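Student: I would like to take a close look at a single strand and at what surrounds it on either side. Could you walk me through that part of the model and then place it within the rest of the chain?

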Amino acid sequence: MTTTDAPHDDEAAPVRALWSGLGLPGIIDVHTHFMPENVLVKVWRFFEELGEGVWPIRYRGGERERTELLRALGVRRFTSMLYPHRPGMAEWLNAWAADFAERTPDCLRTATFHPEPGAGGYTAAAIEDGARVFKAHLQVGGYDPRDPLLSDVWGALADSGTPVVVHCGSGPHGGAFTGPGPFAEVLAEHPRLPAIIAHCGAPEYTEFLDLAERYERVHLDTTMVFTAFTERSAPFPRAELPRLADLGGRVLLGTDFPNIPHPYADQLTALAELDLGGDWLRGVLYGNAARLFGAGPHRAP
Ligand SMILES: [Zn+2]
């Protein structure tokens, strides 16, 4: 391990102990953020402006330092979740993400979209060109997922079986179109859409579990859920744990690295402490994502 240099050892040891103890070859994190430096700086400023100590971002190194740290932790595949907050920005972000994936072979090439003329076309082109996963953020984007300009976008993702991580829960900040209602209508229209509900839909966990049970391609990502930080503001209802256990094959590790207020290991420890069994945990940390992304973007439906 040439990447495990001294500054990473404290971070890496507990993470590596956890996955190696489960007999895994590493972990796959479907929800990490890499974006153009000027955009990332703005995201970090947003968190700073929440107030001193409210959301202290732990991993503020340069891009290379952040990718090296993920490798030292044993993260075998990760993503570069990015999202526009206005029209006219998605294609630029997609070009950046394509270049990032090109120089970062362990990153699943990521893309995004906004309801705007041409969205269906550039989404289909990104899929054709090798995008493996998309990101949609309804609160930051401030758009209605039922917007007719997105109909071809959801259709292209569903037809090609390309997963899309959708931040559609109302946490930590709600928007006009967050919550289970609007996105449930998208799924009713596109029942084969491989949507990955970010943050397990926090705080509307129950309603998004309902959707995952109703639609067999809907997955949930664990991003920040169950950590002490999220349990304070949006605790996962313990009574729903059996449903999460039953959905095992469709629960995927996500963390929100690097924009997190705690050590990376905390997410894994929180999942292990749910005590849902070794098989469940192996699936969540590695197997489920390996299966979902293993066959490439043009999987047979
Ligand atoms: Zn995120």
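Tutor: In this predicted model, strand β6 (residues 164-167) is covered on both faces, with Val-164 and Val-166 buried on one side and Val-165 and His-167 buried on the other. That division fits a general pattern, for in a regular strand the side chains alternate between the two faces of the sheet.

Within the sheet, β6 has a parallel partner in strand β5 (residues 133-137), to which four bridges join it, and here Lys-135 stands opposite Val-165. Strand β7 (residues 195-197) also pairs with β6 in the parallel sense, over three bridges, and the bridge partner of Val-165 in β7 is Ile-196. The connection between β6 and β7 involves helix α8 (residues 180-189), and together β6, α8 and β7 make a right-handed β-α-β unit.

Ile-196 deserves a closer look, since residues up to four places away in sequence aside, it touches Val-164, Val-165 and Val-166 of the strand, along with Val-30, Pro-163, His-219, Asp-221 and Leu-252. Val-166, Ile-196 and Ile-197 are the residues that touch the most other members of the largest nonpolar core, which has 86 residues. Helix α13 (residues 278-294) gives this core its largest share, eight residues.

Elsewhere in the chain, three strands form an open, parallel sheet in the order β1-β2-β3. Because β1 (27-28) and β3 (107-108) stand at the edges with a single partner strand each, one side of each is left without a neighbour in the sheet. Strand β2 (residues 75-79) pairs with β3 over two bridges, and Thr-79 stands opposite Leu-108 in β3.

A helix offers a useful contrast to the strand in how its buried residues are arranged. In helix α5 (residues 119-128), Ala-119, Tyr-122, Thr-123, Ala-126 and Ile-127 are buried; they cover an arc of only 140 degrees around the axis, which puts them on the same side of α5. The general reason is that an α-helix has 3.6 residues a turn, so residues three or four places apart point the same way. The cover over the buried residues of α5 includes α4 (90-103), β4 (110-112) and α7 (151-160).

As for the wider setting, an unreviewed UniProt entry lists residues 28-294 as "domain: Amidohydrolase-related", and over residues 28-294 the chain is 45% helix and 10% strand, with its end C-alpha atoms 11 Å apart.

Definitions and conventions. Residues are numbered from 1 along each chain as its sequence is written. This is a predicted model: local features need pLDDT of at least 70, side-chain atom pairs count only at pLDDT 80 or more; totals for chains, interfaces and linings use all residues. A residue is buried if 20 or more other C-beta atoms lie within 10 Å of its own, exposed if 12 or fewer, and partly exposed in between; C-beta atoms are placed from the backbone. The arc is that of the directions from the helix axis to the C-beta atoms. Two residues are in contact if their C-beta atoms, placed from the backbone, lie within 7 Å. UniProt positions are given in the numbering used here, feature names are shortened, and annotations may be inferred rather than shown by experiment. Two strands pair if DSSP finds at least two bridges between them. A nonpolar core is a set of buried Ala, Val, Leu, Ile, Met, Phe, Trp, Tyr and Cys residues joined through C-beta atoms within 7 Å. A crossover is right-handed if, with the strands pointing away from the viewer, the path from the first strand over the helix to the second runs clockwise.
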